[in-house]
Amino acid sequence: MTDFPTSAKTVVIGGGIVGCSTAYHLGKLGQTDTVLLERKKLTSGTTFHAAGLVGQLRTSANITELLGYSVDLYNRLEAETGLGTGWKMNGGLRLACNADRWEEVKRQATTAQSFGLDMQLLSPSEARDLWPLMTVEDVVGAAFLPTDGQANPSDITQALAKGARQSGVRIFEDTAVLDIRIEEGKIKGVETEKGFIECERVVCCAGQWSREFAGRFGVNVPLVSVQHQYLITEQIEGMPRNLPTLRDPDRLTYYKEEVGGLVMGGYEPNPVLWATEGIPKDFHFSLLPSDFEHFEPMMELALGRVPALETAGIKELINGPESFTPDGNFILGEAPELKNFFVGAGFNAFGIASGGGAGMVLAEWVVKGEPPYDLWAADIRRFGRPHADTDWIRKRTYEAYGKHYTLAWPMEEHKSGRPFRTSPLYDRLKAAGACFGEKLGWGRPNWFADLKAGEVPEDIYSFGRPNWFGAVAREHKAAREAAVLIDQTSFAKYEMTGRDAAAALDWITANDILKPVGALTYTQMLNDKGGIECDLTVARLAENKFYIVTGTGFATHDFNWISKNIPDGMAATLRDVTEEYAVLSLMGPKARDILSAVTGDDVSNAAFPFATVQEVDIAGVTLRALRITYMGELGWELHIPVKGAGIVYDALMQAGTPLGLLNAGYRVIETCRLEKGYRAWGADIGPDHTPLEAGLGWAVKLKSGRPFKGRAAIEAQKETGVKKMLACFTVDDPDVVLLGRETIYRNGVRVGWLSSGGYGHTIAKSIGYGYVRAQQGVDEDFVASGSYELDVAQKKVPCEVHLKPLYDPAMARIKA
């Protein structure tokens, strides 16, 4: 006990692969004053029974990069530490057994190509050559990624632990953490079975124990323990030892070779949740009873692919619980509820594939205060109110697990846990034919069916034009020629007040918000690299009172970003007022006529110019009207006290219907913003993109002379130029559907991929946005001078490049 520490800079809790990887990488960053604590033995939670498949491709370029880092690390780890890891880069094979799955696989191959991976498309016979044990009568095609592989989870974890120790990190097993001491919101240390360790930072990598443990300190980690089974066979005669891993999603199963036999598991549509009343106290190196009856349907599916399983001896049916999340992505980052409390958990049965990269980015996050690149897909701040509800996360996680191998349709919506949060207009909109989607628990109208014409408000998904294509076209036409009314109550809304509110926001925002009271400003908020952390609007209601509106899904993230960047010593308070206001967006050339018909206030352009906010009265309800648009049309966002939302909606519909006003949903917002060239955070812009790269330099207050966060980086980039530039691409072929991640070729050379894609109904073309990249630098002349093609599902199609909006409603009407 004499060597047990009394202090450390960072304490990592949990000795699975993610905890050991985090400790390893902290050591590599020189953080030798790091202690890892494991309540039992290393790997004894979930890691020891993981299947060990390592795949790399995901829909996010940066998550793919993270997984690629894992592969690079596993390639060198044994040589570095002298410990075997069981790592084999034997490649990964994925099958497609119907036309839709083959389309998905071809699009995945294009995504891999966009992200720099060599995914090869194979015929059924070529796939069988790589995996001779399988039958391929039902196989349409396959994809092979040579750099995928498999590993021994326990061996890799022990190698990471040894590497951490070699860097000076101390690891203590059989040391449970009992408590975290927090004083005035600051971590002071951890209380363990062996004594107190003073520390500044805690990294919780406690696997399926993370939700309960973190919850004790007010931190929400939305994960659920789910039983996951796979069998291990005895040796099978003729089994090649270099067999690639195999995923057969249409049969819901996966395979890998192990000691001359097979590991076979899968993702059933009816999973079994575990430990709903809490994880047993002494659960370590523990498995659950094998459930052969539950596994039988998976076995039947597997026999149709691998007949040798019928006669193979079964060594063991492993049933080990693993932590899964409501959206199928893992959880990384600093908890918004508690400074210096970091989380790495919820790995959805691909913790081995993620472990190396997750530990690397988490270590950088701990040391530098930010990850090495945008990890929004895995950021703990993507969660919100519904994710604190245990019943909700169980329902959603149950659905997400069951979809692990189902087709990933474009724009697919989850069905579970709905409705959870609703606008006061929900019932009215449902009666009007709304087909609802969901974002952060909010039920939101995506599009409206024409009930009188017999349309049904239900999504039918497709890789081609989906069933709502015509309905959205109808709404798009109304937006361009008359007006639409869209319920956007789910917007996240904050108020910032206090003596120094203006000064604090001036520091945090890139654009100039120090305008007269009544001004409305579109602005980004930047990190120190100049990357775009937030993209929102700020209305100045009084000298030191501001109303901030941002996207639904960014509610937790943006609130956290603003709060933590208020300079020390400044008196400014941020308050979430989302639940206090409903929002109706009235957009279209007849918006002013409709608004004038329901209010006595002057809403003329002279009295109510663009980018201003005013209070107006409609049908006896006083509301806040913001003249702003994300669709390019004349319009207002009407922020209404919740109790008055129905009254205002009814008044607008009564006045607007004779003028062609239609209900509309979020999908028409997307089609209109694509035509107008507005950027979407999380797709076209984010922490890895600066305003100069994204064509938003006009929204940066460099000429003001005032300091703001990220200014130095923007000034430097303005001096040296950019190496990537956001551009728009259109395709004339009406059969080409752009979804995002299609590869961009300039003069035959790969220069990037589409960050978003869709269709513009006014111009009647598919539209995509993406960054054109060149190491030597990019400017408008470089972008405009190229000849371009897009790779769409492994087929190159010609396209046109654009640097200006495809359709500007104001200019179109002047020309008309």
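When we say that a helix lies across strands, we are talking about contact, and contact means heavy atoms within 4.5 Å. Keep that in mind as we walk through this model, which is a predicted one. Helix α9, covering residues 390-402, lies across β13, β16 and β17. The helix runs at about 25° to β13.

Those strands belong to something bigger, so let's look at the sheet. Eight strands make up an open sheet in the order β5-β6-β4-β14-β15-β16-β13-β17, and the pairing is mixed. Which strands stand at the edges? They are β5 and β17 (314-324), and because each has a single partner strand, one side of each is left without a neighbour in the sheet. From one strand to the next, the twist averages 20°. As a bit of background, strands of a sheet pair through backbone hydrogen bonds, either parallel or antiparallel. You can see an antiparallel case where β13 (residues 224-233) meets β16 (residues 261-266), with three bridges joining them. To find one of these spots, look for L231, whose bridge partner in β16 is M264.

Now find strand β14, residues 245-248, which includes T245. Is T245 buried or exposed? T245 has 0% relative accessibility, so this residue counts as buried. Setting aside neighbours within four places in sequence, its contacts include L53, N90, W131, Q150 and Y255. Carry on along the chain to the loop between β14 and β15 (253-258), and you'll meet L252. The phi of L252 is near 65°, a positive value in a residue other than glycine. L252 also counts as buried, because its relative accessibility is 16%, and the cut-off for buried is under 20%.

Back to helices. α3 lies across β4, β5 and β6, and runs at about 145° to β4. Here's a little check you can follow yourself: at 1.5 Å a residue, the 16 residues of α3 (residues 99-114) should span 22 Å, and the end C-alpha atoms are 23 Å apart, which agrees. At the start of this helix, a side-chain oxygen of N98 comes to within 3.2 Å of the backbone nitrogen of D100. After the helix comes G116, with a positive phi near 90°. The buried residues of α3 include W102, V105, A109 and A112, but also R101, E103, E104 and R107. What covers the buried residues? Among the elements doing so are β4 (92-96), β5 (120-122) and β6 (141-145), along with β34 (743-746), β35 (749-760) and β37 (788-792).

Next, the nonpolar cores. In soluble globular proteins, nonpolar side chains tend to be buried together. Here, the largest nonpolar core has 47 residues, and the ones touching the most other members are L66, L160, F330, L332 and L375. Helices α1 (17-28), α2 (61-81), α5 (153-166) and α8 (351-368) each supply at least two residues of this core. Which helix gives the largest share? That's α8, with nine residues. For a closer look, pick F330: leaving aside neighbours within four places in sequence, F330 is in contact with residues including I63, L66, F347, N348, F350 and A377. There is also a second, separate core of 44 residues, and A51, C97, L133 and Y405 are among its members.

One of the contacts of F330, N348, deserves its own visit. N348 sits in the loop between β19 (341-345) and α8. Its phi is near 50°, again a positive value in a residue other than glycine. N348 counts as buried, because its relative accessibility is 3%.

Two more loops round off the walk. In the loop between α4 (124-130) and β6 you'll find T135. Apart from neighbours within four places in sequence, T135 is in contact with G304, R305 and P307. The side chain of T135 reaches the backbone oxygen of G304 at 2.9 Å. By contrast, the C-alpha atoms of T135 and I460 are separated by 32 Å, and these two residues are 325 apart along the chain. Finally, head to the loop between α9 and α10 (426-431), the place of P419. What kind of peptide bond joins R418 and P419? It is a cis bond, with omega about -10°.

Technical notes. Residues numbered from 1 in each chain as written. Predicted model: local features only at pLDDT ≥ 70, side-chain atom pairs only at ≥ 80, totals over all residues. Heavy atoms only, no water. Helix = DSSP H or I, 4+ residues; strand = E, 2+ residues; numbered from the N terminus. Expected span 1.5 Å × (residues − 1). Buried < 20%, exposed > 50% of the residue type's maximum accessible area, 1.4 Å probe, protein only. Polar contact = N/O pair within 3.5 Å; in protein donor to acceptor, adjacent residues only side chain to side chain. Core = buried A, V, L, I, M, F, W, Y, C linked by side-chain atoms within 4.5 Å. Pairing = 2+ DSSP bridges. Axes fitted to C-alpha atoms, helices over the stretch in contact; angles between N-to-C directions.
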